[in-house]
Protein chains: 2
Amino acid sequence: MQYTADAVNVAIEELSKLPGIGRKSAQRLVFYLLKCEKDEISSLAHSLLDLKEKIQFCQTCFNISDSDICSICSSQSRNHRIICVVEEANDVLAIERTNEYRGTYHVLGGVLSPLDGIGPDNIRVRELMQRLTDDVEEIVLAMNASAEGEATAVYLSKFIKPIGIKISRIARGIPMGGDLEYTDELTLARALAERVNL
Amino acid sequence: MQYTADAVNVAIEELSKLPGIGRKSAQRLVFYLLKCEKDEISSLAHSLLDLKEKIQFCQTCFNISDSDICSICSSQSRNHRIICVVEEANDVLAIERTNEYRGTYHVLGGVLSPLDGIGPDNIRVRELMQRLTDDVEEIVLAMNASAEGEATAVYLSKFIKPIGIKISRIARGIPMGGDLEYTDELTLARALAERVNL
């Protein structure tokens, strides 16, 4: 079913290409936008255009940045001897939000996933290896707790260990505020296996 | 918490203004867009800009249209003696999808809602009254089955009945495929009250 106005059909088509937005949500958004002021739509549209115009990837860590080197990599107050390896740029934000980590990052841009045809050449493994100079003291692996994330962590540790750099992985276990009773078996098993001495 | 890149923060801010899109969804959309080709973002952004540039409201029925008079109002194959009154332009599409209605429409652009300060002057009641010439045979009220929709239907029928035009309201009842057992009491009561003779 098509609307009587072409521009509406096109906008619905474009919006429903976005992840998590189906045709119904796209329709709702378009009818909302039709009621907005021209300025509001214009600032939304231009903010999207600016994403590609202004955003680039940091040439060191591949985090999103508005300059060649991101503010974390160029900061003097960060510890450049520790590199935290994450899957995507939004994981950097998640870790920054803790206010606990003062090292730098390396964004892989994905995880190894042979079934999807994603091998070490498709993510930024080579770029990480090039950063492993004598200055680096520790690599912290902070992949998601998925099968692919674990596989990527194992793969990377096999490469990095022989170089003699300390390598660690963020802990798996019961989330803060979590109840033993309601924790799934996999998480609980992992929490037991990775228990720490007091 | 802010991203290291300003353009990302702005885009997240703009997207999370949309209905049904929170900060988390906006973040996800922005990171999806960052991975898209420039062309894709550009066609999305321009489709949004076109909404205000190209879309206007039909001067007769206030449906969305790309010309002064929409394709339904200007069509010779529609019955211009029947006007179906709906709340919003997307309701027109819902009724068109049935392929059962061959009359014209009138889009109110809202419903009466005294609590929100929306009175008869804020929706297109006067414009509807101006269309009630001798040619019009029937007004079909097709408001949503909400308290405000019902109130608006009652208000309009009070005005239109004295003119001597036939006025009807779409039926309330059990939806097709609906089970009596799982139908809520209000709907079932309405279905009983509005039973039809066989």
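Where in chain A is the place of A:Asn99? A:Asn99 lies in the loop that runs between helix 4 and strand 4 of chain A, where helices (H or I, at least four residues) and strands (E, at least two) are DSSP runs numbered from the N terminus. The model examined here is predicted, so that local features need pLDDT of at least 70 and side-chain atom pairs count only at pLDDT 80 or more, while totals for chains, interfaces and linings use all residues. Residues are numbered from 1 along each chain as its sequence is written, chains are lettered from A and ligands numbered from 1 in the order in which they are written, and side-chain values use heavy atoms, with hydrogens and water left out.

A:Asn99 merits a second look for its backbone: the phi of this residue is near 60°, a positive value in a residue other than glycine. Most residues other than glycine have a negative phi. A:Asn99 is exposed, with a relative accessible area of 64%; here buried means under 20% relative accessible area, exposed over 50%, and partly exposed in between (1.4 Å probe, protein chains only). In chain B, B:Asn99 likewise has a positive phi, of about 60°, although it is not a glycine. B:Asn99 sits in the loop between helix 4 (89–96) and strand 4 (103–107) of chain B, and at a relative accessible area of 65% B:Asn99 is exposed.

Turning to the overall fold, chain A contains 7 helices and 6 strands, which follow one another along the sequence as α-α-α-β-β-β-α-β-α-β-α-β-α. Of the 198 residues in chain A, 42% are buried. Among contacts in chain A with a separation of 6 or more (contact meaning heavy atoms within 4.5 Å), 45% join residues 24 or more positions apart.

Helix 4 of chain A, which precedes the loop of A:Asn99, is largely enclosed by the rest of the structure, because 6 of its 8 residues are buried. The buried residues of this helix are A:Ala89, A:Asp91, A:Val92, A:Leu93, A:Ile95 and A:Glu96. They pack against strand 2, strand 3 (79–86) and strand 4 (103–107) of chain A, together with helix 2 (23–35) of chain B.

The relation between the two chains comes next. Chain A can be laid on chain B with an RMSD of 0.1 Å by a turn of 180° and a shift of 0.0 Å along the axis, the copies being superposed by least squares on the C-alpha atoms of residues with pLDDT of at least 70 in both. This is the relation of a two-fold axis. In chain A, the C-alpha nearest the axis belongs to A:Ala45, at 2.3 Å.

The contact between the chains draws on 56 residues from chain A and 57 residues from chain B. Since 100% of the interface residues of chain A are also interface residues in chain B, the copies meet through the same surface. About 5100 Å² is buried between chain A and chain B, 73% of it on carbon and sulfur atoms; buried area is the accessible area (1.4 Å probe) that two parts lose on being put together, summed over both.

Between chain A and chain B there are 4 salt bridges, each a side-chain nitrogen of Lys or Arg within 4 Å of a carboxyl oxygen of Asp or Glu. One of them joins the side chains of B:Lys35 and A:Glu88 (3.0 Å, N to O). On the side of chain A that touches chain B, helix 1 (6–15), helix 2 (23–35), helix 3 (38–54), strand 2 (64–65) and helix 4 (89–96) of chain A each supply at least two residues. Helix 3 of chain A gives the most to this side, with 16 residues.

Two buried residues of chain B give a closer view of the packing. B:Leu15, in helix 1 (residues 6–15) of chain B, counts as buried at 5% relative accessibility. Leaving aside residues up to four places away in sequence, B:Leu15 touches A:Leu44 and A:Leu48 as well as B:Ile21, B:Ala26, B:Leu29 and B:Val30. The C-alpha atoms of B:Leu15 and B:Leu29 are 8.3 Å apart in space, with the two residues 14 apart in sequence. B:Thr152 is found in helix 6 (residues 147–160) of chain B and is buried, with a relative accessible area of 1%. With the same sequence neighbours left out, B:Thr152 touches B:Leu108, B:Val111, B:Leu112, B:Ile123 and B:Met143.
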